[in-house]
Amino acid sequence: AAAAAADAAPFALPALGADEDDLDLSALTAITPLDGRYGRQVKGLRGLCSEYGLIRFRVLAEVRWLQTLAATEGIAEVPPFSDEANAVLERIATEFSVEDAQKVKDVERTTNHDVKAVEYVIKQMMVDSGVEELATAMEFTHFACTSEDVNNLAHALMLKTSLEFEVLPAMDELIEALAGLARELADVPMLSRTHGQTASPTTVGKELAVFVHRLRRQRELVAATPIQGKMAGAVGNYNAHLAAYPDEDWPTISRTFVERLGLTFSEYVTQIEPHDYMAELFDAMSRFNTILIDADRDIWGYISVGYFKQRVVAGEVGSSTMPHKVNPIDFENSEGNAGVANAMFGHLSAKLPISRWQRDLTDSTVIRNLGVGMGHSMLAYRSALRGIGKLQVNEERLAEDLDNAWETLAEPVQTVMRRYGLETPYEQLKALTRGKRVSPEDMRAFIDNQDLPAEDKARLMEMMPSTYVGNAAAQAEAI
């Protein structure tokens, strides 16, 4: 039989036809899972972090700059726009559609320059509007701008809106779900483990509250990161601006413009905004994700030892061969996606602040992946949220471990003995408990034999592992 198997021909692989080089993009043919398998879960980012989102924010920046020039008194060649003209520009800026973006891509096939294609399409839309003053002002579109003036603002707006409408709300929902569970389980006692070994008891709620506190802190640092933008020309000196209008205060004009976009003005720049704020933001998001990975692994462990059960979802399959399995897949998916996000954020943070001299193009291809880290982060948050919603505490299993860990009362007993000056309390408890199974009777007999005040002795005699939890419940309730 072995010889026959060795002589067998290899199995045939699927035939790859020439037409498969031109497959239409769909959830089945997408290369990345964000656009395929997980597309529905991150669809809120599609209009923000996609090519369409980038083009749309470029258009917004170009139109708002044109309106700023028209509102600047010293630029006589672009007088203030009429209500009719501003209405047209407002539609271009705020109602730019996927179909409009496709026109930009069509023009780009000729220009081989994405930002110039945006400029040409905006100009054509101004002409097509039939508003004469817009046609007259057409050449002030992209006035004194380098491409990065537009790009940096578009990327900043992508990040700002993604944080505001998608990422921060998802963080908040996750944190509040975990906080709610912490408060619900505030007084449910649990055996701690340090170094994997039994340690002083705590409560389930308090251990979850630790993660809530840590996540909240990083969430606030994410939200507090200033999203920056520049509008200073080809090398950051307003060269072209001052050549055309030497009497204008271009730094002030630019600062006002950038701040009206809801961004923080980046004052000292080269051709590019230095991207330091992006590194700060992605590092903060990475820390949030790292804490989430820590929580995912701990909860996974609690499920593994039976402290949590998971609600069974009808129709779901845990294993293709083991029918009984109810796997902690949500926490595993969360951990995996947070790791992928952090890998992307790590490269973005390390790469984007570095640019040769006044600018090189290495940031251009890298910065197009802003949405990848955001998308995998969103998957991590939503997976963890689903997992939290399935958790059911198993108090019977928790009590079982506590009842088998009377050695954990060595700590309070020796501490009270120290208070009253008894000899070698630590060493006595070490001899009684280290590496040994201790019964309730063993511990109480030891306590009863100590020369302690009656009130303290009675308190220790009544203490059990399930009641020796310090202020854990109060901490959890206050979270």
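Which element gives the most to the lining of the second largest pocket? I began my notes with this question, keeping in mind that the model is predicted.

**Entry 1, the second largest pocket.** I looked up the lining and found that α18 gives the most to it, with five residues. The pocket holds about 540 Å³ of space, and of the 18 residues that line it, I noted Thr198, Glu407, Ala410, Glu411 and Thr433 as those nearest its centre. The elements that supply two or more residues to this lining are β2 (197-203), α17 (410-419) and α18 (425-433). Sorting the lining by class, I recorded five nonpolar, nine polar and four charged residues.

**Entry 2, the largest pocket.** I then turned to the largest pocket, for which I wrote down a volume of about 790 Å³. Its lining is made by 26 residues, and Thr32, Asp35, Cys49, Ser50 and Glu51 are the ones that lie nearest its centre. At least two lining residues come from each of α2 (46-49), α3 (51-70), α8 (147-184) and α15 (370-390), and α15 gives the most, with five residues. By class, I found this lining to divide into 13 nonpolar, nine polar and four charged residues.

**Entry 3, helix α16.** Which residues of helix α16 are buried? I found Leu398, Asp401 and Leu402 to be buried in this helix, which runs over residues 395-403. They lie on the same side of α16, because they cover an arc of only 100 degrees around the axis. As a general check on this reasoning, I recalled that an α-helix has 3.6 residues a turn, so residues three or four places apart point the same way. On the face of α16 turned away from the buried side, I noted the exposed residues Glu396 and Asp403. When I looked up what covers the buried residues of α16, I found that the cover includes β1 (189-194), β2, α9 (204-224) and β6 (391-393).

**Entry 4, Ser192.** Since β1 is part of that cover, I followed one of its residues, Ser192, which has its place in this strand. Is Ser192 buried or exposed? I count Ser192 as buried because its relative accessible area is 15%, which is under the 20% cut-off. A polar atom of the Ser192 side chain lies 2.8 Å from the backbone oxygen of Ser200. Leaving aside neighbours within four places in sequence, I listed the contacts of Ser192 as Gln197, Thr198, Ala199, Ser200, Pro201 and Thr202. One of these contacts, Thr198, had already appeared in my first entry among the residues nearest the centre of the second largest pocket.

Definitions and conventions: Residues are numbered from 1 along each chain as its sequence is written. This is a predicted model: local features need pLDDT of at least 70, side-chain atom pairs count only at pLDDT 80 or more; totals for chains, interfaces and linings use all residues. Side-chain values use heavy atoms; hydrogens and water are left out. On a 1 Å grid over the protein atoms alone, a cavity is a set of points where a 1.4 Å probe fits but cannot get out, and a pocket is an open set with protein on both sides within 12 Å along at least five of seven lines; lining residues have an atom within 4 Å of a point. Grid points are joined across faces, edges and corners, and a volume is the space filled by probe spheres set on the points. Ala, Val, Leu, Ile, Met, Phe, Trp, Tyr, Cys and Pro count as nonpolar, Asp, Glu, Lys and Arg as charged, and the others, Gly among them, as polar. Buried means under 20% relative accessible area, exposed over 50%, partly exposed in between (1.4 Å probe, protein chains only). The arc is that of the directions from the helix axis to the C-beta atoms. Contact means heavy atoms within 4.5 Å. A polar contact is a pair of N or O atoms within 3.5 Å; within protein, one must be able to donate a hydrogen and the other to accept it, and residues adjacent in sequence count only if both atoms are side-chain atoms.
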